[in-house]
Amino acid sequence: FHGPAKLYMFLCESQHYRRVIELNRPASVLVSNDHNPSMMALQYAVWQASVPVDYVQHAHVTLNFPEPRYFRYVFTDGEMASRTYSDLLPSDSSTVIYSIGPVRFEQDYLTVQKARMREKKTLVALAFDYDCSIMSELSVKNLAESKVANLNVRFHPRTSRSLKSEVIST
């Protein structure tokens with residue numbers, strides 16, 4: 001699709017990553033992008049080196065994303081993303097998918113969060129896109145009132161420092 005030049009760049013980049021992996025011998029690698037060419041080259045190199053690769057979802061997923069067969073664990077932003085990745089997996093895959101974040105892009109976000117609170121779970125994980133527009137003021141207020149014991153926030157890599165500070169202070 002992209003021609004021989006793109007394939008050559010992919011192979012060169014994956015060989016570079018392979019050398020880095022061999023020098024550092026990581027126990028695992030965590031990525032937050034599964035479709036950009038550089039990250040795919042990294043995933044390929046790590047897979048060649050038999051090092052486990054885990055993935056944290058950073059954006060909305062659709063069925064035109066690459067299948068996640070090379071990941072050991074996939075951490076998604078909600079049940080819809082988990083179902084999409086499950087549909088992409090071949091039946092013989094050993095990939096395990098966990099839904100950990102807010103139910104991004106789904107209407108039942110508050111219902112799911114309230115159910116989690118009733119179950120007395122003390123951990124809530126939130127994932128933000130680069131302009132932090134996922135959660136409304138109402139969602140933040142409801143979380144604050146529920147007295148969550150442990151709140152994890154994951155920002156998109158392009159989120160500005162000032163937006164991060166504003167969200168954290170809220």
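Here, contact means heavy atoms within 4.5 Å, and angles run from 0 to 180 degrees between N-to-C directions. With that in hand, the helices of this predicted model can be placed against its sheet. Helix α3 lies across β2, β3 and β4, running at about 165° to β4. Helix α2, for its part, lies across β1 and β2, at about 160° to β1.

Now for the sheet itself. Strands of a sheet pair through backbone hydrogen bonds, either parallel or antiparallel. In this model the pairing is parallel, and 4 strands line up as β1-β2-β3-β4 to make an open sheet. The edges are taken by β1 and β4 (96–99), each of which has a single partner strand, so one side of each has no neighbour in the sheet. Going from one strand to the next, the twist averages 20°. Take β3 (residues 73–76) and β4 as an example: they pair in the parallel sense over 4 bridges. Looking at one residue, Thr 76 has Ser 99 in β4 as its bridge partner.

Then there is the inside of the protein. The largest nonpolar core holds 18 residues, and the ones touching the most other members are Val 29, Val 31, Leu 42, Val 46, Tyr 55, Phe 71 and Tyr 85. Two or more core residues come from each of α1 (3–24), β1 (29–31), α2 (37–48), β2 (53–56) and α3 (79–88). The biggest giver is α2, with 4 residues. Leu 42 gives a closer look at this packing: once neighbours within four places in sequence are set aside, Leu 42 is in contact with Tyr 17, Val 29 and Val 31.

Technical notes: Residues are numbered from 1 along each chain as its sequence is written. This is a predicted model: local features need pLDDT of at least 70, side-chain atom pairs count only at pLDDT 80 or more; totals for chains, interfaces and linings use all residues. Side-chain values use heavy atoms; hydrogens and water are left out. A nonpolar core is a set of buried Ala, Val, Leu, Ile, Met, Phe, Trp, Tyr and Cys residues joined through side-chain atoms within 4.5 Å. Buried means under 20% relative accessible area, exposed over 50%, partly exposed in between (1.4 Å probe, protein chains only). Two strands pair if DSSP finds at least two bridges between them.
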